[in-house]
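Let's walk through this model together, going from its overall layout to the details of one sheet. Keep the viewer open as you read.

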Amino acid sequence: MISIKDVKKIYSSKKGQVKAVDEVNLEIKEGEIFGVIGYSGAGKSTLIRMLNGLELPTQGSVIVAGNEVSKIKGSKLRKARQEISMIFQHFNLLWSRSVRDNIAFPLEIAGVPRQERLKRVDELIKLVGLDGREDAYPSQLSGGQKQRVGIARALANNPKVLLCDEATSALDPQTTDSILDLLVDINERLGLTIVLITHEMHVIRKICHRVAVMEGGRIVEIGPVLDVFKNPKATITKRFVQQVTEPEETKETIDHLVDLYPRGKVVQLGFVGEEAEQPLITNLIRKFQVTVNILQGKISQTQNGSYGTLFIHVDGDAEEVAKAIDYIQSQQVGVEVISNA
Amino acid sequence: MLNEWFPNVKWDSMWEATMETLYMTAISVIATFILGAILGLLLFLTSKGNIWENVAVNKVISAFVNIFRSIPFIILIVLLIPFTKFLIGTMIGEDAALPALIIGAAPFYARMVEIGLREIDKGVIEAAKSMGAKTSTIIWKVLLPESMPALVSGITVTAIALVGYTAMAGVIGAGGLGNLAYLEGFQRSRNDVTLMATIIILIIVFIIQFIGDLITTKLDKR
């Protein structure tokens with residue numbers, strides 16, 4: 001559906017050249033929810049804007065839904081843009097128009113007759129759950145409702161691709177989740193390809209099938225979300241994964257526990273998918289002369305399966321502890337010994 | 001009682017002068033609104049980072065606007081006499097005042113339009129572009145409606161300035177309340193005529209401000 005080949009975007013300023021996007025290659029399949037994560041300035045915003053021609057690449061080609069967006073101009077580009085919708089961090093609604101008229105705007109642009117427009121708008125209002133708010137103005141809506149209007153507006157012309165530019169970054173956690181649920185629902189119901197950029201791993205974890213991690217204009221890591229969670233390679237990816245697998249206070253807690261248990265070892269286990277359901281701890285206690293103390297655990301749900309982390313304290317004879325850890329490793333469970341107390 | 005307080009006021013000529021002032025104001029406000037909006041849009045669209053970004057065109061329009069905004073109105077009327085004679089055929093009467101009124105006020109209003117347009121969130125324009133909107137659609141359905149409260153409050157201020165300009169134009173023969181106050185009031189030392197003309201001008205200004213505020217509040221959904 002989307003193919004990005006050898007794309008570079010260089011901005012020239014008085015201070016010299018800035019490579020916003022550097023040698024990016026990307027294939028996104030139809031019906032996929034693809035996430036791009038990175039800190040601000042990583043080039044993800046420029047990258048997503050190249051998908052609908054709001055930015056043009058300095059070099060390389062961008063093909064979306066059969067159109068070479070990086071080449072076409074004028075009415076062809078405008079026509080193509082009707083198939084590549086976008087929602088924004090700050091919603092970008094027209095405050096002078098009511099909810100209904102905001103959603104009708106892209107239909108006016110596409111030249112849909114009035115009667116059909118009204119019908120389509122009513123459908124969309126139902127789809128995004130804004131019944132009863134049709135005649136409200138954006139200033140009377142909450143952030144979540146504004147983004148629902150944004151989504152309805154983006155879906156009006158039955159696009160093939162939906163681009164989400166930090167669409168939930170201005171929303172509170174609960175509203176973020178409801179908007180993300182709506183995006184998944186749309187993806188499943190309409191088979192829409194969704195590309196989103198974010199700096200929140202939570203968003204990637206919750207709805208994306210695949211993720212690309214960007215740093216300094218380059219994609220440093222790419223893969224199915226679960227794989228990236230299971231085995232993050234780049235340092236920046238590890239940091240992003242920690243955002244969701246480890247609650248913020250974990251590090252402090254672990255340090256504290258290491259102090260508390262001067263003997264034995266504190267071990268972090270990572271479970272992926274079905275492995276999470278094995279009675280690993282039971283086996284450990286039965287087979288080895290060790291005591292196991294569960295310190296902290298968490299399971300996260302991703303679109304391709306669950307991912308869990310568990311912190312345990314293993315104590316006993318040094319040899320037995322070593323054997324026990326070998327055993328855990330043989331069970332295809334991610335093991336990281338945090339301390340050798 | 002009115003005749004006691006204003007013994008020298010001839011009500012029929014006062015009425016006639018009021019109508020002349022209203023006529024000059026109305027026509028020049030309409031023309032200023034259109035011309036100023038066009039100039040303001042051009043200033044905005046050709047500025048850096050906008051749809052028709054063009055430094056040369058922007059500088060030319062900007063210079064034109066700044067020059068005509070800077071010339072004191074009373075001097076502008078005199079400077080424009082040849083142009084007015086060519087256009088209208090005379091330089092006496094209300095119609096002869098119109099070119100100077102419009103050329104004096106439109107650049108002033110154009111700057112206000114430009115400021116109003118700059119206050120529109122760039123993201124909204126980007127959103128319209130991302131939907132495949134043409135530039136004309138962006139102008140008519142995004143830029144103008146989104147800046148309408150600013151455009152209306154701007155034209156209110158300009159209209160009030162124009163009422164003042166018509167009085168100045170009156171002094172050099174354009175008719176209206178300014179003409180009456182100057183010729184009948186000042187030159188014949190009939191202060192009651194000047195006072196009455198002032199009161200009527202104040203009423204006109206208050207009404208313009210009231211209508212402008214009303215429309216602005218009604219339009220502003222922010």
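In this predicted model, the C-alpha centres of domain 1 and domain 2 of chain A are 39 Å apart. Domain 1 covers 2-244 and domain 2 covers 248-340 of chain A. Where do the two touch? On the side of domain 1 of chain A that touches domain 2, the elements giving two or more residues are α7 (201-207) and α8 (225-230) of chain A. Of these, α8(A) provides the largest share, four residues. Sorted by class, this side of domain 1 of chain A holds eight nonpolar residues, one polar and two charged.

Next, have a look at where the chains meet. Chain A and chain B put 18 residues each into their contact. On chain A's side, α2 (74-81), β6 (84-88) and α3 (99-109) each supply at least two residues. The classes here are nine nonpolar, six polar and three charged.

Strand β6 of chain A also leads us into a sheet. Six strands of chain A make up this open sheet, in the order β6-β7-β8-β3-β9-β10, with mixed pairing. Because β6 and β10 (218-224) of chain A sit at the edges with a single partner strand each, one side of each has no neighbour in the sheet. On average, neighbouring strands are turned by 15° against each other, ignoring direction. Helix α9 (235-245) of chain A packs on the sheet, where α9 touches β3 (33-37), β9 (210-215) and β10 of chain A. The direction of α9(A) makes about 120° with that of β9(A).

Finally, zoom in on one pair of strands: β7 (161-165) and β8 (193-198) of chain A run parallel and are joined by five bridges. Here V161(A) stands opposite T193(A) of β8(A).

How values were computed. Residues numbered from 1 in each chain as written. Chains lettered and ligands numbered in written order. Predicted model: local features only at pLDDT ≥ 70, side-chain atom pairs only at ≥ 80, totals over all residues. Domains from an automatic or database assignment. Nonpolar A, V, L, I, M, F, W, Y, C, P; charged D, E, K, R; others polar. Contact = placed C-beta atoms within 7 Å. Pairing = 2+ DSSP bridges. Axes fitted to C-alpha atoms, helices over the stretch in contact; angles between N-to-C directions.
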